[in-house]
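Me: I would like a close look at a single part of this model, namely its salt bridges. Please take it slowly, as for a first-year student, and explain each term when it comes up.

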Amino acid sequence: MALRATTAAPTVFKPVYMDGEYYVDGGVKCSNPTAVAVHEAKRVFPGRRIEAVVSVGTGGFKEEKVDVGFGWDGILGSIVSAALDGEDINHVMEDVWTEGAYLRINPIIGGPNEFPIDEVKPVMLDRMKRISREYCRGKEVKGKLRRMGRLLRK
């Protein structure tokens with residue numbers, strides 16, 4: 001039930017009613033819940049040091065500068081864009097996280113209109129997998145994994 005609730009994207013699935021409350025996809029409130037997870041861990045395990053945080057994204061898109069314009073269309077477009085951007089939290093975590101190791105894995109998989117959110121074509125899914133594997137084999141991710149390993153061995 002929890003998995004069904006966390007994937008209940010309002011444009012695709014109905015909210016899940018459970019224990020007297022409605023639940024929808026976490027991206028509605030927080031596209032990258034890393035900070036929320038750290039907050040919850042500190043609340044559940046007070047006084048304990050967090051050794052490592054691994055944040056795994058669903059893939060990002062190449063940024064394109066768009067003229068948002070004026071009026072409600074521009075405002076709503078900016079709000080939606082900000083709500084869907086999980087990298088803002090990543091940048092904050094990179095700047096302020098000092099307690100333990102931190103790693104974000106989130107490959108850029110293409111342009112904004114290259115992969116629809118409901119993509120199911122095997123050829124497109126294989127392409128996304130290939131892009132993600134190449135990203136994980138790259139210098140940046142390998143370097144982050146080595147740094148995390150060194151921090152955790154201390």
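Reply: The count of salt bridges comes to six, where a salt bridge is a side-chain nitrogen of Lys or Arg within 4 Å of a carboxyl oxygen of Asp or Glu. This is a predicted model, in which local features need pLDDT of at least 70 and side-chain atom pairs count only at pLDDT 80 or more, while totals for chains, interfaces and linings use all residues. Residues are numbered from 1 along each chain as its sequence is written, and side-chain values use heavy atoms, with hydrogens and water left out.

One of these pairs joins glutamate 99 and lysine 42, whose side chains meet with N and O 2.6 Å apart. The two residues sit in distant parts of the chain, 57 residues apart, with glutamate 99 in the loop between helix 4 (87-96) and strand 5 (101-105) and lysine 42 in helix 2 (residues 34-44). Helices (H or I, at least four residues) and strands (E, at least two) are DSSP runs, numbered from the N terminus. Glutamate 99 counts as buried because its relative accessible area is 19%, and the cut-offs are under 20% for buried, over 50% for exposed and partly exposed in between, with a 1.4 Å probe and protein chains only. Its partner, lysine 42, is partly exposed because its relative accessible area is 38%.

A second pair is glutamate 114 with arginine 127, where the closest N and O atoms are 2.2 Å apart. Glutamate 114 lies in the loop between strand 6 and helix 5, whereas arginine 127 lies in helix 5, so this bridge ties together parts that are 13 residues apart in sequence. Glutamate 114 is partly exposed, with a relative accessible area of 27%, and arginine 127 is likewise partly exposed at 27%.

The loop that holds glutamate 114 also holds asparagine 113, and it runs between strand 6 (108-110) and helix 5 (122-136). Asparagine 113 counts as exposed because its relative accessible area is 74%. Its C-alpha atom is separated by 8.6 Å from that of phenylalanine 61, although the two residues are 52 residues apart along the chain.

A further bridge brings together aspartate 126 and lysine 129, with N and O 3.7 Å apart. Both residues of this pair belong to helix 5, and they are three residues apart, about one turn of the helix. Aspartate 126 is partly exposed at 42% relative accessibility, and lysine 129 is partly exposed at 43%.

It helps to set these pairs beside charged residues in another setting, a positive surface patch formed by Arg133, Arg137, Lys142, Arg146, Arg147, Arg150, Arg153 and Lys154. Patches are made of residues with over 30% relative accessible area and no salt bridge, like charges being joined within 9 Å and nonpolar side chains (Val, Leu, Ile, Met, Phe, Trp, Tyr) within 5 Å. Lys and Arg count as positive and Asp and Glu as negative, while His and the chain ends are not counted; the place of a charge is taken as NZ of Lys, CZ of Arg, CG of Asp or CD of Glu. Helix 6 (residues 139-153) gives the most to this patch, with five residues. Arginine 150 is found in helix 6, and it counts as partly exposed because its relative accessibility is 47%.

Lysine 144 is found in helix 6 too, but it counts as buried because its relative accessibility is 15%. Leaving aside neighbours within four places in sequence, lysine 144 is in contact with Glu94, Leu103 and Arg104, where contact means heavy atoms within 4.5 Å.

To place all this in the whole protein, the secondary structure comes to six helices and six strands, which follow the pattern α-β-β-α-β-β-α-α-β-β-α-α along the sequence. Buried residues make up 27% of the 154 residues. Among contacts between residues at least 6 apart in sequence, 57% join residues at least 24 apart.

Note on methods: Areas by Shrake-Rupley, 256 points an atom, 1.4 Å probe, with all protein chains shown as cover.
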